[in-house]
Amino acid sequence: MTAVLLLSCPDKSGLVARISHFIFERGGNILDLDEHVDPEEGIFFIRLVWDMTNFSISPEDLKDAFLPLAKEFRADWDIHLPGQKRNVAIFISKYDHCVREILWRYQLGEYDIKIPLVISNHLDLEPLISQYGIPLHVFQITNENKTEQERKELDLLAAHNVDTIVLARYMQILSEEFVEKYPNKIINIHHSFLPAFAGSDPYRQAYNRGVKIIGATSHYVTRGLDEGPIIEQDIIKISHKDSLQKLKRKGRDLERLVLARALQYHVENRILVRGQKTVIFD
């Protein structure tokens, strides 16, 4: 039984010692500690995992007990407690490669989460989703009904206590009102050509320009389109021998793996967000 602390605050001497002592004097055993200081902003970041077996404070009282120390540090922080599985909703359209990767890993037990539902604006992938016994809810989106449909989606997410949303190539732009309901809890995936080759069929545009590398980026969704804090990226080399179809296949491979890793970092509480940047603890 473990707890995970994620914390950032203005840097000063003795922070690691003070936090470690808080855990030691209450019978905790530190299992993992990773810290970082941003020298330009003077901000301290830490991820700390400890064994709660002999801890003198109950999980229910832990956050209240740590609060005075966090206030003294002027910290942004959270403690993730044992047994707190995130409820994750996946949003999809017609592309299947990203959702296949996530559901496969989920079935293997790689993600310590629950997926109570999948939401789509099309019925195309219903046979795939049904194989995993997860309910698929379809909300067809038009310019005229977008606000109403998003309201229904939010009601459904709230009914299932959804904590995290994964956009597994969901080909719709979420409204600002929707995004504000889930700050740093909506994970998106897209090609890494942006701002180059924006618009439709970016892989054909890249192919026509003879690009030498392609990539994929996963990030948190914010009000600015594709401008949220980056979680994970990767690239692969392209040669003149690669056809357009091979380029697209390589792009799909990157997208599914990068999104899968981003979700892993998120559910394992390895990400601290500050402004437009992230600190990823490996």
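This section describes the surroundings of two residues, Asp242 and Phe44, and the helix that follows Asp242 in a predicted model.

Asp242 sits in the loop that links β11 (230-237) to α8 (244-267). Its relative accessible area is 6%. Because buried means under 20%, Asp242 counts as buried. Its side chain is engaged in two directions. One partner is the backbone nitrogen of Ser239, reached at 3.0 Å. The other is the side chain of Lys250, with which the side chain of Asp242 forms a polar contact at 3.1 Å. Once neighbours within four places in sequence are set aside, Asp242 is in contact with Tyr207, Lys237 and Lys250. Lys250 thus appears both as a polar partner and in this contact list.

Helix α8 comprises 24 residues. From its first C-alpha to its last, α8 reaches 35 Å. This is close to the 34 Å expected at 1.5 Å a residue. Just after α8, Asn269 adopts a positive phi of about 55°.

Phe44 belongs to strand β3, which covers residues 43-51. Its relative accessible area is 2%, so Phe44 is buried under the 20% cut-off. Residues up to four places away in sequence were excluded from its contacts. Those that remain include Leu7, Ser8, Cys9, Pro10 and Asp11. Leu15, Val16 and Ile19 also touch Phe44, as do Glu35, His36 and Val37. Pro10 lies 34 residues from Phe44 in sequence. In space, the C-alpha atoms of Phe44 and Pro10 are 5.8 Å apart.

Methods: Residues are numbered from 1 along each chain as its sequence is written. This is a predicted model: local features need pLDDT of at least 70, side-chain atom pairs count only at pLDDT 80 or more; totals for chains, interfaces and linings use all residues. Side-chain values use heavy atoms; hydrogens and water are left out. Helices (H or I, at least four residues) and strands (E, at least two) are DSSP runs, numbered from the N terminus. Buried means under 20% relative accessible area, exposed over 50%, partly exposed in between (1.4 Å probe, protein chains only). A polar contact is a pair of N or O atoms within 3.5 Å; within protein, one must be able to donate a hydrogen and the other to accept it, and residues adjacent in sequence count only if both atoms are side-chain atoms. Contact means heavy atoms within 4.5 Å. The expected span of a helix is 1.5 Å times one less than its number of residues.
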